[in-house]
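Reader: I have the model open and would enjoy a guided close look at one part of it. Could you start with the strand pairing and then walk outwards from there?

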Amino acid sequence: MLTSTLIHNQNETHIENFAFAVTPINWEQFVDVVYSPDSHKGYINLFLQNDDFQVNRFYSITDKDSMKKEIAHAKENYNIYTSYSTYYLPYKSPDGSGGRTQENIKETTSLVMDLDYYKLGISHEEFFSRINHLIKTNQLLKPSLVMFTGTGYHLMWLLDPFTNIKGYTNDLNWRSVQNHVMDLLKDLNSDDVVKAPNAVTRMPDTINHKNKNEVKAYLVDSQRYQLKEVLEFYKLAATDRKRKTAKKAKTKPKRTLTYFHNEYTLNMRRQEDIFTYVQIKNQRQESYVGIRNWLCLVLRFHALVASKGDFDYALNQTQKLIDTMDLKGSNSSEKTTYKELMKRSKYADKYYQEWVNNDWNRAQYVRGGLFYSNERLVKIMNIENDFEMQFQMKTIKLITKEYTRLRKEKERRNKGMLSQQEYTTKKRSEGAFNKVKKLFIKGTKQTQIAKIVGVSRQRVSQLIKEIKTMEHTESKDQHIQTVKAQSKKKKTSFVRGLLIHVKRSVLLKELNIGGLSFSRLLSIPGSLYLSGFSPPFSFVGD
């Protein structure tokens, strides 16, 4: 048990009343414990707030230098908080959250309780007495960290990091624990602000500007809990994702396809699409001369946005792309060089800096950077009608009716299913079409057919029209074949008659009248010989 008394601005923290040994840690140690680079992914959030302004900042877990500068710069004027979760890169959200939303969470790292016991007149000593009792009687799990916020305490439990998608199993289990512990500590005025995984707690070594006290952190145990273990400790049942029963719509709504991307995933997938485009073009041995410089430029820009300005990463991605490109072309005029492509792509650095600094030429461009619309990208790449290419892209595609139709057709083929036409034909033969046809041929009335088959009279009328159309087509085809056969028979009889009565010279003369070719004429005597007929002349000469 720690026996020292820590004082700031003549206010005791009373941490010595906690029944377990603790170690004071600074903000850098706090970051290492809560967001270990070895086990965590994503970006750390710093939330800066005062009476006039608030903003969310995001930093790489390993980028302590930038965080240190930010905290040192903002400490005297802002309350500084950090989130329970890590995030993908920030984006400009409509609600002004700047990316600190559950949809943008990469991983959740902890459970936290914000206890405002002092508002109920409960002293620090009494607070710790109750917490100690709950822990010793196995009603409360021993916390990993105790945070003095400048007025009261936060309790924090470190968890093995997990993906936390709203409404899914991890999210439901995490919220179940938070709600249970809040209810357990309700006599200590537990605040429901902690119920969301994108909520925040104060950053150690910063100032609580409500009373000018310094925020302190105390490490109890760096060992992490598994969310499953926490559920078992509190005897809470694990929950599954909620499934809402969809209400049956009266009318079929128009189907729309919506794809959600945050700034990180969109720019990562743009890069992947450019690589895919070049690879497919190479496989097809198709030219993309004329846009090689542009492809390198756009890829390098998206790499910078996705990596939050990591110029080395962007350079490496550009080098990889150039390595896959055809630099020779079909003739000498289409040749380019590695050096030339790298030189042209370097302009991406300028576009990125202008976009980040918000100082691009607004008279010329509505938006900074190189953010092309899908329509523009598809047009530049000349793949407007190349749906096979678009099928393999993740973001560069146009979801048109034709695209959707071909995609569904491809999915059906891949699953070994019948095409739409084959399916319709099969259903006809197995369903009402065959039954209606049989009854219609027998002369059954449409109303009776509808009752027998179990379809509407209008549907029967529609099927009968199809039957008549099919019969008309079949009858027409049969008639054409009959006419051809009769014509052939007449010509054969005509030649037979000539063979009996005339010589070859006369026969050739008559040939023009009969409309027969000479080769056709030669085939007829052979067939006559086979049938036992013997002509009165030879085909050797006159």
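Author: Happy to. A good place to begin is strand S3, residues 23-25, which pairs with strand S14, residues 216-219, in the antiparallel sense over three bridges. Please keep in mind throughout that this is a predicted model. To find the register of the S3 and S14 pair, look for Thr-23, which stands opposite Leu-219 in S14.

Now stay on S14 and look for another partner. Strand S9, residues 145-148, also pairs with S14 in the antiparallel sense, here over four bridges. The register of this pair can be read from Val-146, which stands opposite Tyr-218 in S14. So S14 has pairings with both S3 and S9. As you look along these strands, it helps to recall that side chains in a regular strand alternate between the two faces of the sheet.

From S9, step back along the chain into the loop that links helix H3, residues 124-136, to S9; Asn-138 is found there. Asn-138 is worth a pause: its phi is positive, about 60 degrees, although the residue is not a glycine. Its relative accessibility is 57%, and because that is over the 50% cut-off, Asn-138 counts as exposed.

Leu-140 lies in the loop between H3 and S9 as well, yet its setting is quite another matter. With a relative accessibility of 1%, Leu-140 counts as buried, because the limit for that class is under 20%. What surrounds it? Setting aside neighbours within four places in sequence, Leu-140 is in contact with Ile-131, Leu-134 and Ile-135, with Leu-155 and Trp-157, with Val-181 and Leu-184, and with Phe-233 and Tyr-234. Take Tyr-234 from that list: it is 94 residues away from Leu-140 in sequence, while their C-alpha atoms are 8.1 Å apart in space. For the chain in general, 67% of the contacts with a separation of 6 or more are between residues 24 or more positions apart.

If you would like a companion for Asn-138, go to Asn-382, in the loop between helix H11, residues 374-381, and helix H12, residues 387-391. Asn-382 is another residue other than glycine with a positive phi, near 60 degrees. At 58% relative accessibility, Asn-382 counts as exposed.

Next, some helix packing. Just after S3 in numbering you can pick up helix H1, residues 27-34, whose axis comes within 11 Å of that of helix H2, residues 64-74, with a crossing of roughly 135 degrees. H1 and H2 are therefore oblique to each other, and H1 passes H2 in a right-handed crossing. On the H1 side, Trp-27, Glu-28, Val-31 and Asp-32 meet Lys-64, Met-67, Lys-68 and Ile-71 of H2.

Further along, helix H7, residues 292-306, packs against helix H9, residues 338-345, at an angle of about 50 degrees, the axes being 8 Å apart. That angle makes H7 oblique to H9, and H7 passes H9 in a right-handed crossing. Arg-292, Asn-293, Cys-296, Leu-297 and Arg-300 make the contact from H7, and Leu-341, Met-342, Arg-344 and Ser-345 from H9.

To set these pieces in their surroundings, the chain has 19 helices and 14 strands. Of its 542 residues, 41% are buried, Leu-140 being one that counts as such. The accessible surface of the chain comes to about 31,900 Å², and carbon and sulfur atoms account for 49% of it.

Key:
Residues numbered from 1 in each chain as written. Predicted model: local features only at pLDDT ≥ 70, side-chain atom pairs only at ≥ 80, totals over all residues. Heavy atoms only, no water. Helix = DSSP H or I, 4+ residues; strand = E, 2+ residues; numbered from the N terminus. Buried < 20%, exposed > 50% of the residue type's maximum accessible area, 1.4 Å probe, protein only. Contact = heavy atoms within 4.5 Å. Areas by Shrake-Rupley, 256 points an atom, 1.4 Å probe, with all protein chains shown as cover. Pairing = 2+ DSSP bridges. Axes fitted to C-alpha atoms, helices over the stretch in contact; angles between N-to-C directions. Parallel < 35°, antiparallel > 145°, perpendicular 65-115°, else oblique. Left-handed = near helix turned anticlockwise from the far one by under 90°.
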